[in-house]
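Hi,

Here is the structure I promised to pass on. Have a look at it first, and then read my notes below.

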Amino acid sequence: MERSDLWSVAKACDLPPADLRRFFELFAAHPRTVTLFSQGVNQSLRGTDQVNAIVNLHLATGRIGKPGAAPFSITGQPNAMGGREVGGLASTLAAHMGFVPDDVARVGRFWAAPNMACKPGLKAVDLFRAVGEGRIKALWVMATNPAVSMPDAGRVREALAACPFVVVSDVVTDTDTSKFAHVRLPAAAWGEKDGTVTNSERRISRQRAVLDLPGEARPDWWIVTQVARRMGWRTAFPYDRPAEIFREHARLSAYQNQGARLFELREQVAIGNHAYEALAPFRWGGDAFADGRFPTPDGKARLVPVQQMTLQDPLAKWPLTLNTGRYRDHWHTMTRTGLSPKLARHRDEPLVEVHPDDAVELGLADRGLARVSTPQGDSVFRVTLSTGQRRGELFVPIHWTDQQSTGGRTGLLPRPLVDPHSGQPGFKSTPATIAPVAIEWRGFLLATGEVKQPDCLWATRVQVAGGVLYELAGQGDPVQLDALLPKGERVEAVDRARGSRRVAVLKDGKLAAALFVTREGLLPSREWLIAQIGEAASPAVLAGAPPGAREDRGPIVCLCFDVGLKTIVSAVASQQLTSVEAVGAALSAGTNCGSCRPAIRRLIEQNRSVANA
Ligand SMILES: Nc1nc2c(c(=O)[nH]1)N[C@H]1C(S)=C(S)[C@@H](COP(=O)(O)OP(=O)(O)OC[C@H]3O[C@@H](n4cnc5c(=O)[nH]c(N)nc54)[C@H](O)[C@@H]3O)O[C@H]1N2
Ligand SMILES: Nc1nc2c(c(=O)[nH]1)N[C@H]1C(S)=C(S)[C@@H](COP(=O)(O)OP(=O)(O)OC[C@H]3O[C@@H](n4cnc5c(=O)[nH]c(N)nc54)[C@H](O)[C@@H]3O)O[C@H]1N2
Ligand SMILES: [Mo]
């Protein structure tokens, strides 16, 4: 391998050589090392090699199967391990068996299945390609939202639209994927059903329903069972409770196993219904690898040779690298988090993060709109400048869908290229470009009830206490927005000089909606108006502010205790707070869930550097 000296490696990693040396020294000095990695390593065109490099290092240094020593992939989905155990991947059969002939034959014997699949199925990207080419004509999408989350999602939408038969099982009524469904099945969500889940340390836990089934919703296993029976497979799908399915799963794991397969639920093979109800969390596989033995014929681990794949130089037309990922307070396509006003406030619009120096070169203004384009597609985002962003790179979140926004459609952008072994798309590195988008007016619309998504360049929906808020921007005449306002008594103020218009709609004296737009003027802070929605309308409503002075707390940092950035900054400076704990003692911020503690730590550091400057 060429780049093996410290300096070239540091250069390739874009790290100061001294930092890299320090990292190597730390690694060498501490035999108990856990390497935590997630999608920055996996979602790459060379992801498998990257993961194998980490695993090789742990094997070579004996750092596996011991307390405090392991390569540890931080699995994303809460039950991703459970999905693998039952064979929920195109590349495996159930119970950790694969497609070698012995495994196929064994699973076939166990299930008395005459027509076993003998080779892996299509992984997600290939699968949608096959749908698009008409090779797959019936598709059942369960518990995923591919019209949003797949790379090159525009192509995926075309494939879904052309597919002759699409079934979507979901727990919410409308998703970007369910728009393409011929049949929609209402599924029960996690708090409404029971079964087991497995976490990253191989611990299987019972999950019990805490809510009744709403409406016609049914657990996925029940829906699958009913469909299978109606297709004629009554005896193969006899289940009427999760315990029966679990027993079969345990029996398959132990079937003709004799210790050859690590995944074995031997003690649960004959578990009774009552014992299943009371099942305490347990870890399968015991102390795997602790004795230095691995599940290979000679018991020795196998290092996998890896290569450092060189990535292409940036292309002239697409000079930037687009990175995509998550926000602290949203989950994937927002079906779990989008309805919570508290979570929505942390970052209420889809932002594209840009380094300030790049922004100057590219003519991008902080808080302006910009269009991110790739060879696959384009979408508009709100620009936010960040020195935490690397130069030449952009970061956008994956959460916004047609249900909330006209922009922020990240899935349209990544290439449908995948790692050759895992099939994982290279979600973190798409060649891209960005350009400012001119707007002629800005505004927002606040309403108690549901409002149709405004038809303008930028409309982003945010759930707020008591209603919904749309942030708006566009070109041309914003007057068409009036049609979206509910019926009621209208109060209006116009400032022609600044091109501003403010409309409030009252119902029985209470504020039902407010529409504020401006060409050149300022818009009031949304917080006070949000608090007025559904309340008896105050004369100050069109001013957008209460009479008299008001404390501006800034964006909320600690959601649990509702503490704003400006409140923290001023407390840190005036009370000389030097630790996250001290801020917690003074303001309660950061003392509950803890997810804002890094943000508070940064504010303390900023105060220190300002004080020392
Ligand atoms: N709040 C919240 N939490 C979640 C989720 C959510 O939607 N919301 N989703 C869950 C799921 S399913 C998953 S898979 C996990 C994902 O968890 P993560 O993988 O931690 O999350 P990502 O936001 O995808 O970001 C990956 C990070 O990798 C960095 N990165 C990009 N390129 C590279 C590279 O070449 N090398 C390295 N080392 N890093 C790189 C990115 O800058 C980014 O900071 O999160 C889980 N947890
Ligand atoms: N650009 C880019 N794209 C990415 C990623 C990235 O980092 N960058 N990350 C990728 C990763 S790691 C992941 S995990 C995916 C996530 O992408 P998706 O899996 O598509 O996203 P979710 O929003 O979790 O979709 C789950 C759907 O199932 C529904 N649902 C929830 N519970 C149940 C249930 O019990 N039964 C049924 N039938 N439905 C249910 C939800 O309402 C929702 O519509 O996105 C991937 N896409
Ligand atoms: Mo994930």
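Let me start with His 96, which counts as partly exposed because its relative accessibility is 41%, between the 20% and 50% cut-offs. Bear in mind that this is a predicted model. You'll find His 96 in the loop that links α5 (80-85) and α6 (101-111). What caught my eye there is the backbone: the phi of His 96 is positive, near 60 degrees, and the residue isn't a glycine. Most residues other than glycine have a negative phi.

Further along the chain there's another residue to look at, Arg 367. Its phi is positive too, about 70 degrees, and again this is not a glycine. Arg 367 lies in a loop as well, the one between α14 (356-362) and β11 (369-373). Is Arg 367 buried or exposed? Neither, quite: Arg 367 is partly exposed because its relative accessible area is 45%, and that label covers whatever falls between 20% and 50%.

The other thing I looked at is a sheet. It is open and has three strands, ordered β6-β7-β8, with antiparallel pairing. The edges are β6 (195-198) and β8 (282-283), each of which pairs on one side only. If you want to see how β7 and β8 are held together, go to residues 203-207 for β7: two bridges join this strand to β8, and the two run antiparallel. Which residue in β8 is the bridge partner of Ile 204? That would be Phe 282.

Cheers

Notes
Residues are numbered from 1 along each chain as its sequence is written. Chains are lettered from A and ligands numbered from 1 in the order in which they are written. This is a predicted model: local features need pLDDT of at least 70, side-chain atom pairs count only at pLDDT 80 or more; totals for chains, interfaces and linings use all residues. Side-chain values use heavy atoms; hydrogens and water are left out. Two strands pair if DSSP finds at least two bridges between them. Helices (H or I, at least four residues) and strands (E, at least two) are DSSP runs, numbered from the N terminus. Buried means under 20% relative accessible area, exposed over 50%, partly exposed in between (1.4 Å probe, protein chains only).
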